[in-house]
Amino acid sequence: MTNQLILNGILLPESSKDRFSCWEEDLSVQVDMISGRRVVETRGKIWKASYSFDYMGNEKLRQVLAVLRSGGPFLASVLPDNSDEMVTSYFLLDSITQPTFAFSKGGVGLWHNLAFTLREEEPHD
């Protein structure tokens with residue numbers, strides 16, 4: 001088993017079937033020049049990560065939501081696509097899909113469909 005995502009020390013379950021991805025992206029801003037021209041200024045590269053998981057227990061979900069809803073930034077370790085080494089940095093929450101409560105075939109209550117996207121707070125190069 002490979003760690004894919006750790007949030008503030010909380011190891012999230014490994015996601016399969018392409019439900020976890022981590023990639024590098026340019027961090028850029030649009031700048032209006034005095035002449036009226038609009039240019040795009042690249043500030044550097046940041047990591048972005050998306051994660052989704054079908055079923056998660058109540059205790060683990062509460063821990064994860066507490067970190068995500070803290071307002072950030074929070075410390076996270078992610079495994080970039082096509083890499084064997086984790087990257088640790090401060091991340092912000094970009095988006096979240098609120099999980100719903102469901103019951104397993106055995107009647108056990110579980111949280112269902114947790115999904116979120118993170119982005120690195122500062123460029124790393």
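## Strand pairing around β6 and β8

S77 and its bridge partner T88 in β6 make a handy way into this fold. They sit in a pairing of strand β5 (residues 74-78) with β6, which run antiparallel and are joined by five bridges. Two strands count as paired here if DSSP finds at least two bridges between them.

A quick word on what you're looking at: this is a predicted model, where local features need pLDDT of at least 70, side-chain atom pairs count only at pLDDT 80 or more, and totals for chains, interfaces and linings use all residues. Residues are numbered from 1 along each chain as its sequence is written, and side-chain values use heavy atoms, with hydrogens and water left out.

Overall, the protein has eight strands and one helix, in the order β-β-β-β-α-β-β-β-β from the N terminus. Those are DSSP runs numbered from the N terminus: helices are H or I with at least four residues, strands are E with at least two.

Now for β8 (residues 109-120), which pairs with β4, β6 and β7. Here's how those pairings look:

| Strand joined to β8 | Bridges | Sense | A facing pair |
|---|---|---|---|
| β4 (residues 38-56) | eight bridges | antiparallel | S52 and A115 |
| β6 (residues 87-97) | six bridges | antiparallel | F91 and E120 |
| β7 (residues 100-103) | four bridges | antiparallel | T100 and H112 |

β7 and β8 also form a hairpin, with five residues between them. In that turn, G107 has a positive phi of about 85 degrees.

Stepping back to the whole chain, the radius of gyration is 17 Å, while a compact globule of 125 residues would be near 14 Å. That radius is taken over C-alpha atoms, and the globule rule is 2.2 Å times the number of residues to the power 0.38. The C-alpha atoms fill a box of roughly 65 × 30 × 25 Å along the principal axes.

Of the 125 residues, 32% are buried, meaning under 20% relative accessible area with a 1.4 Å probe, protein chains only. Taking contacts (heavy atoms within 4.5 Å) between residues at least 6 apart in sequence, 60% join residues at least 24 apart.

As for the surface, the protein exposes about 7,800 Å², and carbon and sulfur atoms supply 48% of that; the areas come from the Shrake-Rupley method with a 1.4 Å probe. There are 12 positive and 17 negative side chains, with the centres of the two sets 9 Å apart. Lys and Arg count as positive, Asp and Glu as negative, and His and the chain ends are not counted. Each charge is placed at NZ of Lys, CZ of Arg, CG of Asp or CD of Glu.

How values were computed: Buried < 20%, exposed > 50% of the residue type's maximum accessible area, 1.4 Å probe, protein only.
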